[in-house]
Amino acid sequence: MTATPPPDGARPRVLITAGPTAEDIDPVRFLTNRSSGRMGIELADAVLRHGGTPLLVLGPTHLRPPEGVLVVRVRSAENMNEAVQTYFAWADCLVMAAAVADYTPAEPLDSKLKKGEGDLFLRLKRTPDILAGVRERPERQDKIVVGFSLDVGENLDEGRRKLREKNLDLIVVNTTASFASERETAHLIGRNWDERLGEISKADLAERILSSMLAQFNGGRE
């Protein structure tokens with residue numbers, strides 16, 4: 001990790017994960033996904049423009065965050081988990097917009113894997129469930145936690161399951177068409193409401209997510 005959040009900052013303080021993770025097979029090869037990190041970057045920009053303090057935990061991406069956003073660069077799912085665990089107490093809100101790998105090589109190699117005869121079988125192990133890791137923390141009850149549920153199509157049942165089982169305040173259901181795009185098809189699901197947004201720019205979706213978070217944040221502090 002390359003940055004430390006300030007001891008204080010304008011409220012709300014929003015911890016955002018973004019981008020893919022890279023899970024090393026050897027020093028040359030790795031497993032990753034098509035996420036660009038744009039959604040999380042747009043969220044960080046929206047928080048900054050509305051007077052809050054964003055802290056962006058960003059996986060490998062070619063995109064550059066806006067000037068003024070504090071960034072923690074990470075590579076793997078384990079790195080991202082460590083960053084979230086470190087900064088969770090600092091934040092008022094956590095938004096898990098990253099596409100975190102579910103699996104990582106069980107035995108990554110220190111030297112380049114050489115080509116041999118026949119097929120190669122790669123054994124994978126589960127990565128940490130970042131949201132499960134914060135769910136039981138004592139500070140959780142005082143924070144707003146937002147997750148994303150990605151599928152090939154708009155899978156609302158899966159989104160509702162994750163909202164319930166991961167104890168989220170809001171979940172964004174979207175599709176794989178959002179990868180490397182400035183637009184996506186999204187559906188927001190809260191604890192007692194839901195709203196289909198249809199096709200929307202990621203910048204506008206960031207504003208909509210932030211609006212919902214601010215309403216809950218301000219309501220909880222009145």
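**A walk through the sheet and its cores**

Let me begin with one pair of residues: T17 stands opposite M96 in β6. Please bear in mind throughout that this is a predicted model.

That pair belongs to a wider pattern. Strands β1 and β6 run parallel and are joined by four bridges. On β1 there is also a connection to β4: six bridges link residues 13–18 of β1 with residues 53–58 of β4, and these two strands are parallel as well. Within this pairing, L15 has L55 as its bridge partner, and I16 has L56.

Let us now place these strands in the whole sheet. The sheet is open and consists of eight strands, in the order β5-β4-β1-β6-β9-β10-β11-β12, with mixed pairing. At its edges are β5, residues 70–73, and β12, residues 194–201, each of which pairs on one side only. From one strand to the next, the twist averages 20 degrees.

I return to β1 with a question: are its residues buried or exposed? Six of the six are buried, so the strand is largely enclosed by the rest of the structure. In general terms, side chains in a regular strand alternate between the two faces of the sheet. In β1, both faces are covered: R13, L15 and T17 are buried on one side, and V14, I16 and A18 are buried on the other.

A helix also belongs in this picture. Helix α2, residues 77–87, lies across β1, β4, β5 and β6, and runs at about 175 degrees to β1.

I turn next to the nonpolar cores. Which residues touch the most other members of the largest one? In this core of 31 residues, they are L43, L56, I209 and M213. At least two core residues come from each of β1, α1, β4, β6, β9, β10, β11 and α5. Leaving aside residues up to four places away in sequence, M213 touches V14, C93, V95, I144 and V146. Apart from this core lies another, of 26 residues, including M96, V100, V134 and L168. M96 is thus a name we have met before, as the residue opposite T17.

Finally, the aromatic rings. How many aromatic pairs does a search of the whole structure find? The search finds zero. Two rings do, however, have a charged residue over them. The charged end of R75 sits over the ring of F30, at 5.1 Å from its centre. Likewise, R126 lies over the face of Y103, 5.6 Å from the ring centre.

Conventions
Residues are numbered from 1 along each chain as its sequence is written. This is a predicted model: local features need pLDDT of at least 70, side-chain atom pairs count only at pLDDT 80 or more; totals for chains, interfaces and linings use all residues. Side-chain values use heavy atoms; hydrogens and water are left out. Two strands pair if DSSP finds at least two bridges between them. Axes are lines fitted to C-alpha atoms, for helices over the stretch in contact, and angles run from 0 to 180 degrees between N-to-C directions. Contact means heavy atoms within 4.5 Å. Rings of Phe, Tyr and Trp (its six-membered ring) pair if their centres lie within 6.5 Å; planes under 30 degrees apart count as stacked, over 60 as edge-to-face and the rest as tilted. A charge sits over a ring if NZ of Lys or CZ of Arg is within 6 Å of the ring centre and within 35 degrees of the ring normal. A nonpolar core is a set of buried Ala, Val, Leu, Ile, Met, Phe, Trp, Tyr and Cys residues joined through side-chain atoms within 4.5 Å. Buried means under 20% relative accessible area, exposed over 50%, partly exposed in between (1.4 Å probe, protein chains only).
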